[in-house]
Amino acid sequence: MAPDVASGPVLDPAEERLRRWRLVLGGGAADGTGCELVGRDAAMDGALGALYGGGDGGKKDRGRDRSAGLGASAPSVSRWLGDIRTYFPSSVVQLMQRDAIERLGLSTLLLEPEMLEAVEADVHLVGTLLSLNKAMPETTKETARAVVRKVVEDLEKRLATRTRATLTGALDRSARVSRPRHHDIDWNRTIAVNLKNYLPEYKTIVPERLIGYGRASQSVKKEVVLCIDQSGSMAASVVYASVFGAVLGSMRSLNTRLVVFDTNVVDLTDQLDDPVDVLFGTQLGGGTDINRALAYCQSQITRPADTIVVLISDLYEGGIRNEMLKRVAAMKASGVQFVTLLALSDEGTPAYDREHAAALSALDAPAFACTPDLFPEVMAAAIEKRPLPIPDTNQHRI
């Protein structure tokens, strides 16, 4: 993780390569670079060494102590957080914070308000805070909510406008009419159904039948049920799904329900206007009972032909597998559009239960991982009842 910023005078390419390798390798007699770090580079090396150092028994390089460890005190961690914000860009800071929490067991320090004020907030930090929610002292909760709210607001700014525009268009197109106004004509479908009326001498088609797009009214056009697995491995997906739930809930043409589950099922629909409340209503961790969650969702469906159920889960089922699959089959048979997302996050292909994914694929309910940027397109396809835009790299094949 060598930084891009050089210190001191501009180095020639060979010296710059040595400098970067030295920052990567961490120094010591065996690094083979013979490169001495000074000034800002030495400070960067110290910040990297505190997290990624090899614990080499106290040996020192020419710059700073390269043995790993941040200590157990909040002040030392707080100083380190300040250092990495000084030396590295925000995306690297977030990665280093995540690694520090995982590698050095710093989760408990996030229960202190001073620590929360020092961290660089991102989706993964929000997931960690939510997992600590029950253990969080009252003095920390307001600070934690402020951190979570900042991340949520940033995500809404990034995702809301495009999501509303994409889904509004899909809702318009799903309401087809037979006597459209000129600017509402679906020319591709109109030409397709009128090819028999082609007049070769005039090189034209006489359209006996016009097919067009309706305009979505203020009435509810579609029902959406977001069914979210809140097991610990799904933390980032829970954050994104809560934000999308709030966006969908703000659209009058959609009636959106948000359900979270582990071995219990909790309906958080009444909190959809504030995704922060939704997130603090979740309880990351615990077991998984997908069948129980789908049974609840199924009980809430009143208009199956106009309903989209989105299951967001890694499919590690702790409930009754066969019953889960029967429920999916029954919902699809009744006309429900069923979408299974193995993850809703920016990461690559997640770990998931491949046997269950294959079983869902056999029911014509393919399971795939979805990035937040792709989610509006997935929902638009489900609204219009056309094939889902499944990424080739994530699609489960049987």
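Here are three short exercises, with worked solutions, on a predicted model of a protein chain.

**Exercise 1. The whole chain**

Describe the protein chain by its secondary structure, its burial and the sequence range of its contacts.

*Solution.* Start with the elements: the protein chain has 14 helices and 10 strands. Next comes burial, where 48% of the 398 residues count as buried. Then turn to contacts between residues at least 6 apart in sequence: 72% of these join residues at least 24 apart. Finish with the surface, which comes to about 18,900 Å² exposed, with carbon and sulfur atoms supplying 51% of it.

**Exercise 2. Two helices that meet**

Work out how helix α6 and helix α7 cross, and which residues make the contact.

*Solution.* Two packed helices are described by the angle and the distance between their axes. Take α6 (residues 123–131) and α7 (residues 138–174): their axes come within 10 Å and cross at roughly 145 degrees. The crossing of α6 past α7 is left-handed. On the α6 side, the contact uses Val123, Leu125, Val126 and Leu129, while α7 brings Ala144, Val147, Val148, Val151 and Leu155. Sorted by class, that contact has nine nonpolar residues, no polar ones and no charged ones.

**Exercise 3. The aromatic pair**

Classify the one aromatic pair in the structure and place its two residues.

*Solution.* First, the geometry: the ring centres of Phe244 and Phe375 are 4.5 Å apart and the planes stand at 40 degrees, so the pair is tilted. Next, the location: Phe244 belongs to helix α9 (residues 235–249) and Phe375 to helix α14 (residues 375–384), 131 residues apart. Last, burial, for which the cut-off is under 20% relative accessible area. Phe244, at 0%, is buried, and Phe375, at 1%, is buried too.

Notes. Residues numbered from 1 in each chain as written. Predicted model: local features only at pLDDT ≥ 70, side-chain atom pairs only at ≥ 80, totals over all residues. Heavy atoms only, no water. Helix = DSSP H or I, 4+ residues; strand = E, 2+ residues; numbered from the N terminus. Buried < 20%, exposed > 50% of the residue type's maximum accessible area, 1.4 Å probe, protein only. Contact = heavy atoms within 4.5 Å. Areas by Shrake-Rupley, 256 points an atom, 1.4 Å probe, with all protein chains shown as cover. Axes fitted to C-alpha atoms, helices over the stretch in contact; angles between N-to-C directions. Left-handed = near helix turned anticlockwise from the far one by under 90°. Nonpolar A, V, L, I, M, F, W, Y, C, P; charged D, E, K, R; others polar. Phe/Tyr/Trp six-rings, centres within 6.5 Å; stacked < 30°, edge-to-face > 60°.
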